[in-house]
Amino acid sequence: MHKVFNKHLNEKYFFTRIGALPVFIIPKSGINEKVAALAVNYGSIDNSWCRSNETGSITVPEGIAHFLEHQQFKKESGDVSMEFARFGASYNAGTGNTSTTYYFQSADNFLDNLNILLKVVMTSYFNPENVAKEKSIIEQELRMYNDMPGFKVYDNLMSNLYKYHPVRISIGGTVASVRTITPELLAKCYQTFYQPANMVLVICGDFTESRRGDPEADIDKIIQALNQSPYLQGRADETGIIRNMPDEPAEINSHSKEEKMSTSTSSLLIGYKETRTGLEGIPLLKQNILSDMLLDLIFSKSSKLYSKLYEAKMIDDRFGCGYSSHQTYGFTIISAETDRPEVLYQRIMSELDKLARNKICSRRELEEQKRKMIGKFTWVFNSPMAVASLFAGYYFSRIFKNPEPGQEVYEMSGLIKKITTSDIQKRLKEHLNPKHHAISVVKPLGRGAGA
């Protein structure tokens, strides 16, 4: 077992492998909550692939990763989720563009709940009757989402930004695609992606059994339990996976789309398509940090632009933005609920143009931003769930590159301190480039033409 300690943060973690399964254990003394997250490197964009021991590729229906997540709680004995309640744990699962994560939180009975989590993910049961019932449930969900402005405006933006990349497709798929999912296809996806080497287990919390307990001895008990788990016995990395991704142009697919729906106010999204994809390790981490700092400087509630827009009553406290990245895609989204989407859009574009031609911030403002970012980063370590999400996300995004991964987490503060105003200005011109932006608007029924 590999141990890493950072004296500046006073934080440590342990890394090991149980067979092919990578495992991070992050002890948090004095925090009663215990968390385990078992994540699979498989999301909605993985709808075409081939296995290294097979010839030919397979393409599966859109939304099947999300469907599979739902099915994993259904076993021959019934709904396994009820077992978590018996041991006092809250649980959930979620499917994103690039991964599927199953997790629980508990104060006690940690090893019992961990065993249930392994059972949920490491075993499968695709009963035709269960699959048929799930189709009906997910179809209802999709119809509900299609009637929600927030989902519609997002889906339209992604189809504006991306021409071929499957990130443009809704995570849940469509009613038509869900109807084509079969038990056989679910089994194929499970056998391909739910392999230990294509997963990561992150455990975080205070595992000492008493105040005088030895934390490392208690961690050894967790490792022993994992080694003895019947759900991990004989589970090796069977085959490699080659994911088929289309060649996506740097240009956006289309500039704008507007729809009218039953809503009280307009929803506006402005998206910027990332052109610097394919990064890994520290370069990818630095790009993420720069993007987050840039957006916070321009759009946070403490920014000059936010104050101007808020005082002009063009936005409310639902205004926000965020950056998302992966090896094969990346984007920034600026979102607002507003009665004047055209005016707000023009105002934001004008301000971004001024910032690109002038100076986004002074050295003093940048130093303040650095302290703010470092504070946000260190706060993460107060939440076991936030820590688990951080480690799992970085593991799959290939930010972790060391033979014994994870040390990159502790390099964040150092990277933040090295950021210069030139770095920020370069990132602004490179990423928030008007040539790579698109917009999506949803307006109330009866409103006039859009941006």
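**Exercise 1. Find the residues with the most contacts inside the largest nonpolar core, and the helix that gives the most to this core**.

Step 1. The largest nonpolar core has 71 residues, and those with the most contacts inside it are Phe24, Ile298, Phe299, Ile348, Phe391, Val409 and Ile424. A nonpolar core is a set of buried Ala, Val, Leu, Ile, Met, Phe, Trp, Tyr and Cys residues joined through side-chain atoms within 4.5 Å. Buried means under 20% relative accessible area, exposed over 50%, and partly exposed in between (1.4 Å probe, protein chains only).

Step 2. With ten residues, helix 9 gives the most to this core. Helices (H or I, at least four residues) and strands (E, at least two) are DSSP runs numbered from the N terminus.

Step 3. Another core, of 54 residues, lies apart from the largest one; among its members are Tyr42, Phe87, Leu114 and Val121.

Step 4. Isoleucine 348 is in contact with Ile270, Phe299, Leu309, Phe319 and Ile334, leaving aside neighbours within four places in sequence. Contact means heavy atoms within 4.5 Å.

The model is predicted: local features need pLDDT of at least 70 and side-chain atom pairs count only at pLDDT 80 or more, while totals for chains, interfaces and linings use all residues. Residues are numbered from 1 along each chain as its sequence is written, and side-chain values use heavy atoms, with hydrogens and water left out.

**Exercise 2. Describe how helix 9 and helix 15 pack**.

Step 1. Helix 9 (residues 281-299) and helix 15 (residues 421-431) pack at an angle of about 85°, and their axes are 10 Å apart. Axes are lines fitted to C-alpha atoms, for helices over the stretch in contact, and angles run from 0 to 180 degrees between N-to-C directions.

Step 2. Helix 9 is therefore roughly perpendicular to helix 15; angles under 35 degrees count as roughly parallel, over 145 as roughly antiparallel, 65 to 115 as roughly perpendicular and the rest as oblique.

Step 3. Helix 9 contributes Lys286, Gln287, Leu290, Ser291, Met293, Leu294, Leu297 and Ile298 to the contact, and helix 15 contributes Asp423, Ile424, Arg427 and Leu428.

**Exercise 3. Place strand 2 in its sheet and state whether it is enclosed or not**.

Step 1. The open sheet has seven strands in the order 1-2-3-11-4-10-9, with mixed pairing. Two strands pair if DSSP finds at least two bridges between them. Strand 1 and strand 9 (90-95) are the edge strands, each pairing on one side only. From one strand to the next, the twist averages 15°.

Step 2. Strand 1 (residues 2-6) pairs with strand 2 in the antiparallel sense over five bridges. Valine 4 has tyrosine 13 as its bridge partner, and asparagine 6 stands opposite glutamate 11. The hairpin of these strands has four residues between them, and asparagine 10 in the turn has a positive phi of about 55°.

Step 3. Strand 2 also pairs with strand 3 (residues 21-27), in the antiparallel sense over five bridges. Here threonine 16 stands opposite valine 23. This hairpin has two residues between the strands, and glycine 19 takes a positive phi near 65°.

Step 4. Six of the eight residues of strand 2 (residues 11-18) are buried, so this strand is largely enclosed by the rest of the structure.

**Exercise 4. Is serine 229 buried or exposed, and which residues does serine 229 touch**?

Step 1. Serine 229 lies in the loop between helix 8 (215-228) and strand 12 (241-243).

Step 2. Its relative accessibility is 3%, so serine 229 counts as buried.

Step 3. Not counting residues up to four places away in sequence, serine 229 touches Asn115 and Leu118.
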